[in-house]
Amino acid sequence: MSDAVIVWFRRDLRLRDNESLDAALRSLRPGEAIVPLYVTGGAAQAHGTASSAWLAAAVRALDATLRSRGSRLLIADGPAHEALARASAEVRAERVYCTRHWTPEALAEETAVRDGLSSAGVGLHVSEGQLVMVPGTVLTREGRPYKVFTPFFREWSRVIADMAASSGGPARQSALPAPARWPDCAPLPPSSGGGIADLWTPGEAGARVRLGMFIADEIDGYARSHDRADLDATSRLSPHLAFGEVSVRNVVSSAMKERGEGASAFVRQIAWRDFAYHVLHAFPGLPDTPLNARFARLPWREDALNADAWMSGLTGFPLVDAGMRELAQTGWMHNRARLLVGSFLSKDLLERWQIGERHFRERLVDADTALNAFNWQWVAGCGADAAPFFRIFNPVVQGAKVDPEGEYVRRWVPELAGLPPRWIHRPWDAPAAELSRAGVRPGDTYPNRLVDHAAARERALSAYRATR
Ligand code: FAD
């Protein structure tokens, strides 16, 4: 005899288009209640300061939404297998529903939970839904995982072609059946207050507003403008997607309904997200171990002062510093800036890419095991479908492309704000009169360059040749 069904929320912090919640509701027998549960310290938790603050706010938001449906979110301390065994005994549940989270740790946690529950006669029912395509289902003709994005994307696109037709699920307005008595539980995670999570609106409602605004105002121009760091031209859905506050299928179907080159370019980025998870699934060591073993032999420099200057946005390269300061102040960074600062750390400074991977994990609100590791390996040249090592971004050339008027630099590196577009990405070349007019004193108000890019490029290439 069961009194309740547990819905174990992990990286699916939403009610709408949530397959595991839908499956739990469909399974309800007369007299059974839904018990929503979140386990702190589980494998789906956030690991960095910024993403933990986001997660705390998103969990609180989920509780508020559940309360508006006559329910609430129970909080239990991990480990998950113990928390779920305790909770299912306490509320007399015979079934637990959850959405799979595709990291190696979360898959191991799922196995431990399944084993723990089954010995108590409780079933674990797992839904997909974190990704558009399940890892391991998009394979080469030989049945191997793709290491190159373009053929992966071709196959992926074929499968998702009819997604525009899907509605993304109904908005869940109706009450959720609650138990007669809620068991005692741990308190909600405290809100960080005043932190960078306050610049955003974590949670399902915030995600829906963000998606709606992007579709209404920006998706048309996305293909043209998404590489411009100075414009607000991308969706900024990444933290909402990282915590599952909106379903990725809903995002894709909303975009596909718009048609046009903007929608296509946007959906292609979502395919990169799936690709990163497919690669992590095939190569679980992705966050630490270079996929191309040659890179384990690279003579990295290990200069702590340089790495610190990079983290603090004090490299003397305005676009690099702008990106790093945007990250420090907002918990987010434009994708082009992420690529540039990644190339700069791993190639110009010749510091291990893992330093950057860890720093991003700590500071990004959207910190995501698969996307972060995949992209760091990509930009360092050692991953799946990587940019070759010798493609080394030139910060000045990149400045002209992604921030032609220097507005992005002006916003995040205000000490250079007075410089005209011609010099703002290379203050070291600016005539003394221009510097003085702008109030810039190199080495005093703004640091001198850590390296000369041309020389650093040569140094990186010879380090790379040494790995042969
Ligand atoms: P949009 O341009 O609106 O794209 C929509 C969605 O597509 C994004 O929200 C994201 O889910 C996905 N996407 C976009 N670009 C990529 C990409 N290059 N790879 C995989 N998926 C992508 N993204 C994270 O969410 N978490 C991370 O920890 C993360 N670390 C990164 C580290 C490096 C070194 C680099 C170069 C990129 C990283 N990215 C990461 C990918 C990308 O920069 C962000 O997803 C994007 O900037 C988020 O902004 P947006 O939501 O406005 O993107």
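Ser 253 makes a good starting point for a tour of this structure, a predicted model, and it is found in helix H9, which covers residues 248-258. The relative accessibility of Ser 253 is 0%, so this serine counts as buried, the cut-off being under 20%. A polar atom of the Ser 253 side chain lies 3.3 Å from the backbone oxygen of Asn 250.

Another residue worth a visit is Val 320, whose place is in helix H12, residues 318-330. Val 320 has a relative accessible area of 0% and is therefore buried. Leaving aside residues up to four places away in sequence, the contacts of Val 320 are with Trp 310, Thr 315, Leu 340, Val 341 and Phe 344. For a sense of distance across the model, Val 320 can be set beside Gly 381: the two are separated by 61 residues in sequence, and their C-alpha atoms are 19 Å apart in space.

Helix H4 can be described as a whole element. Spanning residues 104-118, H4 has 15 residues. From the first C-alpha of H4 to the last is 21 Å, close to the 21 Å expected at 1.5 Å a residue. The buried residues of this helix are Ala 106, Glu 109, Glu 110, Val 113 and Leu 117. When H4 is seen down its axis, these buried residues fall within an arc of 105 degrees, so they line one face of the helix. The general geometry helps here: an α-helix has 3.6 residues a turn, so residues three or four places apart point the same way. As for the partners of that face, the buried residues of H4 pack against two nearby kinds of element, strands and a helix: strand S1 (4-9), strand S4 (93-99) and strand S5 (123-127), together with helix H3 (80-91).

The ligand completes the picture. There are 26 residues around the ligand, and those that come nearest are Tyr 222, Thr 234, Ser 235, Arg 236 and Asn 335. Tyr 222 also takes part in a polar contact, with an N or O atom of its side chain 2.5 Å from an oxygen atom of the ligand. An oxygen atom of the ligand likewise lies 3.4 Å from a polar side-chain atom of Arg 338. Asn 375 meets a nitrogen atom of the ligand instead, with a polar side-chain atom at 3.1 Å. On its own, the ligand has 820 Å² of accessible area, and the protein covers 97% of that area.

Definitions and conventions:
Residues numbered from 1 in each chain as written. Predicted model: local features only at pLDDT ≥ 70, side-chain atom pairs only at ≥ 80, totals over all residues. Heavy atoms only, no water. Helix = DSSP H or I, 4+ residues; strand = E, 2+ residues; numbered from the N terminus. Expected span 1.5 Å × (residues − 1). Buried < 20%, exposed > 50% of the residue type's maximum accessible area, 1.4 Å probe, protein only. Arc of directions from axis to C-beta. Contact = heavy atoms within 4.5 Å. Near = heavy atom within 4 Å. Polar contact = N/O pair within 3.5 Å; in protein donor to acceptor, adjacent residues only side chain to side chain. Areas by Shrake-Rupley, 256 points an atom, 1.4 Å probe, with all protein chains shown as cover.
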